[in-house]
Amino acid sequence: MSEIDLLETILLVETDALQRSVVAKYLRDCGYRVVEATNAAEAMTALVHQKVHVLVTDLSLRDESGFQLSAKAKEVRPDLKVVVTHSAERTAKIAGDLCEDGPLDQPYHPQHLVDRIQRLKRS
Amino acid sequence: MAAEEAFDYNLREAAIEKRALVVDDDILIRGDIADVLREENWEVIEAGTADEAIEVLSRDNSFNLVITDVHMPGMKNGLDLAREVNERHPGIKVAVMSGQHLPTAEDRAIFDLFLLKPVFNIASALTPLIGDKHE
């Protein structure tokens, strides 16, 4: 974990509060700053007001899809790294195009997310 | 497997920390409060509505403290949440925050502390409930 930039901020968007908190806690323990959003609208507010390096979003949000959020986020912040998480394989190609490194299947171990973020940083 | 390991991780960490459920539909306010509490070594779960908080409490009620705004989107508001915690989880202390709603005497019976928004120092404001770490 030594190579993790302590100032790296991850915006984590997940509908399920307990799952979100588990992943967020793990990422914080790894040295990231984590902003937790419960839906896409909150995520966009955070993107406008806070410096975010990586967006990690579930595909199925209450107010819109993770793909819609990713597209809007990229309009506001073209340099933003994005990870979309979902289990549906048919979304993989779209997610790969949007997210540079394809989606994570759920449920996933938080370490897989950290590994993914590390790869995004090197890309 | 993965999900079970993740929740085992959460439970293991929860055993050594005080836990708070912070409920506010404003991500910036909620995040600020949560960050301050985390710096004070609280484990914090965030919820964006009272409905979400009630759903969390139905799955996990091992909290020391619930801090909630009053006016939020959804079926229930912060006072409904406070009432539910008061009735179903009497061991959890409740702090209610609002900049618009001044609580009545009846309201005050269902929570432990009222905070007038904006709350500039949440750690200090919560001292009547959780004590001063320097005491």
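In chain A of this predicted model, 54% of the contacts between residues at least 6 apart in sequence join residues at least 24 apart. Of the 123 residues in chain A, 45% count as buried. The secondary structure of chain A comprises five helices and four strands, which follow one another from the N terminus in the order β-α-β-α-β-α-β-α-α.

In chain B, five strands form an open sheet, arranged in the order β2-β1-β3-β4-β5 with parallel pairing. The edges are occupied by β2(B) and β5(B) (residues 113-116), each of which has a single partner strand, so one side of each is left without a neighbour in the sheet. Direction ignored, neighbouring strands of this sheet are turned by 20 degrees against each other on average. At the β5(B) edge, strand β4(B) (residues 93-98) and β5(B) pair in the parallel sense over four bridges. Within these strands, Ala95(B) is placed opposite Leu113(B) of β5(B).

Helix α2(B) packs on the sheet, where it touches β1, β2 and β3 of chain B. The direction of α2(B) makes about 165 degrees with that of β2(B). A further helix, α4(B) (residues 78-88), lies across β1, β3 and β4 of chain B, and α4(B) runs at about 170 degrees to β4(B).

The geometry of α2(B) was examined in further detail. This helix covers residues 27-39, and its 13 residues should span 18 Å at 1.5 Å a residue; the end C-alpha atoms are 18 Å apart, which agrees with that expectation. The buried residues of α2(B) are Ile27(B), Arg30(B), Gly31(B), Ile33(B), Ala34(B) and Leu37(B). Because these residues cover an arc of only 165 degrees around the axis, they fall on the same side of α2(B). In general, an α-helix has 3.6 residues a turn, so residues three or four places apart point the same way.

The buried residues of α2(B) pack against elements of both chains. From chain A, the partners are β2 (33-37) and α2 (40-49); from chain B, they are β1 (18-23), β2 (42-47), β3 (65-69) and α6 (122-125). After α2(B) comes Asn41(B), which has a positive phi near 70 degrees.

How values were computed: Residues are numbered from 1 along each chain as its sequence is written. Chains are lettered from A and ligands numbered from 1 in the order in which they are written. This is a predicted model: local features need pLDDT of at least 70, side-chain atom pairs count only at pLDDT 80 or more; totals for chains, interfaces and linings use all residues. Helices (H or I, at least four residues) and strands (E, at least two) are DSSP runs, numbered from the N terminus. The expected span of a helix is 1.5 Å times one less than its number of residues. A residue is buried if 20 or more other C-beta atoms lie within 10 Å of its own, exposed if 12 or fewer, and partly exposed in between; C-beta atoms are placed from the backbone. The arc is that of the directions from the helix axis to the C-beta atoms. Two residues are in contact if their C-beta atoms, placed from the backbone, lie within 7 Å. Two strands pair if DSSP finds at least two bridges between them. Axes are lines fitted to C-alpha atoms, for helices over the stretch in contact, and angles run from 0 to 180 degrees between N-to-C directions.
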